[in-house]
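Reader: Please take a close look at a single part of this model and its surroundings. I should like a connected account with the cut-offs behind each term.

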Amino acid sequence: MRRFNLALLAAVALSTGLIAVPAQAHGRSAPLGIENCTSTACHFDVPPGTYDVQLLLGGDSASSTSVTGETRRSLLPETAVAAGERTARSFTVNVRTPEGEPTGPDGTPGLDLALGGSAPALAGIRVTPARHARQIFLVGDSTVCDQPGDPYSGWGQQLPQYLREGVSVANYADSGESTVTYLSEPRLWATVQPLIRPGDLVLVQLAHNDKTTDEATYRANLETLVAGVRQKGGNPVLVTPIVRRWFNSDGTLNNNTALLVNGLGVDHPAVIRAVAAEQHVPLIDLTAKTKSLVESLGVEGSKAIYLYNEKRDNTHTSVHGATVYAGLVRDELVARHLVPKGLVRVG
């Protein structure tokens, strides 16, 4: 049915130009098509939920279009279309309140999409409630979250562009959170856990702000999160934290500051690896992956991954860096058979 809808969308658009496709939004009759768009943005008056978005890109001239949504989430990578051609693309998006960080402002009600790229051109669009989408929940801190403003970006903010229709990212990462605060803040874990459905993935990356958390507490908090996911029938995935860009004089990363060993001597990545092994939980060793990448880029080359040039910030990533790190997560999701290869964008 999905292929048929896209083919129909393409056929109608090629014959009539810009189109409007009516659809149902959670029982409400509303046209959810091109009439909700300008040349640079679309707004759909829909309630919180998960939606499939089918797009037809292209125009009379050569075009190149990317799509972001809600709070600066990258939903579709820049896609080039030759003059006079049309290309169908689709993705699934999570709409919620607040639309960005869970403890931040509510944002704009409904679904907002922004058309970017060097020459954006939208020929048709259809938005419908997702019936069988699989959700990927993200539990994390500022290096993962949907950052509200430039130049910051979390890797979770860039992950959706790597996923096709049928998989949605619900990013509940929040700036400044540790395992302690994430479990205690009602807008965080107490809000996320009831939303988890059987088969959903829940990726947990919390470490950067556990600066004063002792090892026993840190370990117990991770185990609590794992048990809570499993209680709802979800699949927990533990993620070691991205490294900080903190070099030794020999060009390697500092074993303490860069690799997240706190002031109490707690080696966060080591504890995460141990809990994953003991609890038989899939592990994405993002510490090892990002360490290898940052060291290979060197002192100068790695500045573009972080916000060193803009903010002298060696912890938070740029849009470019977050996109690169999201690609590492995508690769691990596929390699560990957590997401089918057919639901992932590789290019």
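**Helix H9 and its surroundings**

Author: The 17 residues of helix H9 should span 24 Å at 1.5 Å a residue, and this agrees with its end C-alpha atoms, which are 24 Å apart. The expected span is 1.5 Å times one less than the number of residues in the helix. Helices (H or I, at least four residues) and strands (E, at least two) are DSSP runs numbered from the N terminus. The model is a predicted one, in which local features need pLDDT of at least 70 and side-chain atom pairs count only at pLDDT 80 or more, while totals for chains, interfaces and linings use all residues. Residues are numbered from 1 along each chain as its sequence is written, and side-chain values use heavy atoms, with hydrogens and water left out.

The buried residues of H9 are Gly321, Ala322, Thr323, Tyr325, Ala326, Gly327, Leu328, Val329, Arg330, Glu332 and Leu333. Buried here means under 20% relative accessible area, exposed means over 50%, and partly exposed lies in between (1.4 Å probe, protein chains only). An α-helix has 3.6 residues a turn, so residues three or four places apart point the same way. Just after the helix, His337 takes a positive phi of about 60 degrees.

On the other side of the helix in sequence is Ser318, which is placed in the loop between strand S16 (313-317) and H9. Ser318 counts as buried because its relative accessibility is 6%. Its side chain reaches the backbone nitrogen of Gly321 at 3.0 Å. That is a polar contact: a pair of N or O atoms within 3.5 Å, where within protein one must be able to donate a hydrogen and the other to accept it, and residues adjacent in sequence count only if both atoms are side-chain atoms. Leaving aside neighbours within four places in sequence, Ser318 is in contact (heavy atoms within 4.5 Å) with Pro151, Ser153, Ala304, Ile305, Tyr306 and Leu307.

H9 also takes part in the largest nonpolar core, which has 34 residues; those with the most contacts inside it are Ile136, Trp155, Leu201, Leu203, Tyr325, Val329 and Leu333. A nonpolar core is a set of buried Ala, Val, Leu, Ile, Met, Phe, Trp, Tyr and Cys residues joined through side-chain atoms within 4.5 Å. Two or more residues of this core come from each of strands S10 (134-140), S11 (167-171), S12 (201-205) and S13 (235-239), as well as from helices H7 (286-301) and H9 (319-335). The largest share, five residues, is that of H9. A second, separate core of 26 residues includes Val204, Ala207, Leu222 and Val275. In soluble globular proteins, nonpolar side chains tend to be buried together.

Trp155 shows how the helix meets other parts of the chain. Residues up to four places away in sequence not being counted, Trp155 touches Ala322, Tyr325, Ala326 and Val329, and also Leu138, Thr143, Val144, Leu203, Gln205, Val239, Ile242 and Leu286.

Helix H7 reaches H9 through Thr290, which lies in H7. Thr290 counts as buried because its relative accessibility is 0%. Its contacts, apart from neighbours within four places in sequence, are Pro241, Ile242, Val243, Tyr325 and Leu328. A polar atom of the Thr290 side chain lies 2.7 Å from the backbone oxygen of Leu286.

Tyr325 leads on to the aromatic rings. The structure holds two aromatic pairs. Rings of Phe, Tyr and Trp (its six-membered ring) pair if their centres lie within 6.5 Å; planes under 30 degrees apart count as stacked, over 60 as edge-to-face and the rest as tilted. One pair is tilted, with Phe137 and Tyr172 at 6.2 Å centre to centre and 35 degrees between the planes. The other, Tyr306 with Tyr325, is edge-to-face because the planes stand at 75 degrees, with the ring centres 6.1 Å apart. This second pair links distant parts of the chain, as Tyr306 is in strand S15 (residues 306-307) and Tyr325 in H9, 19 residues apart. Tyr306 and Tyr325 are both buried.
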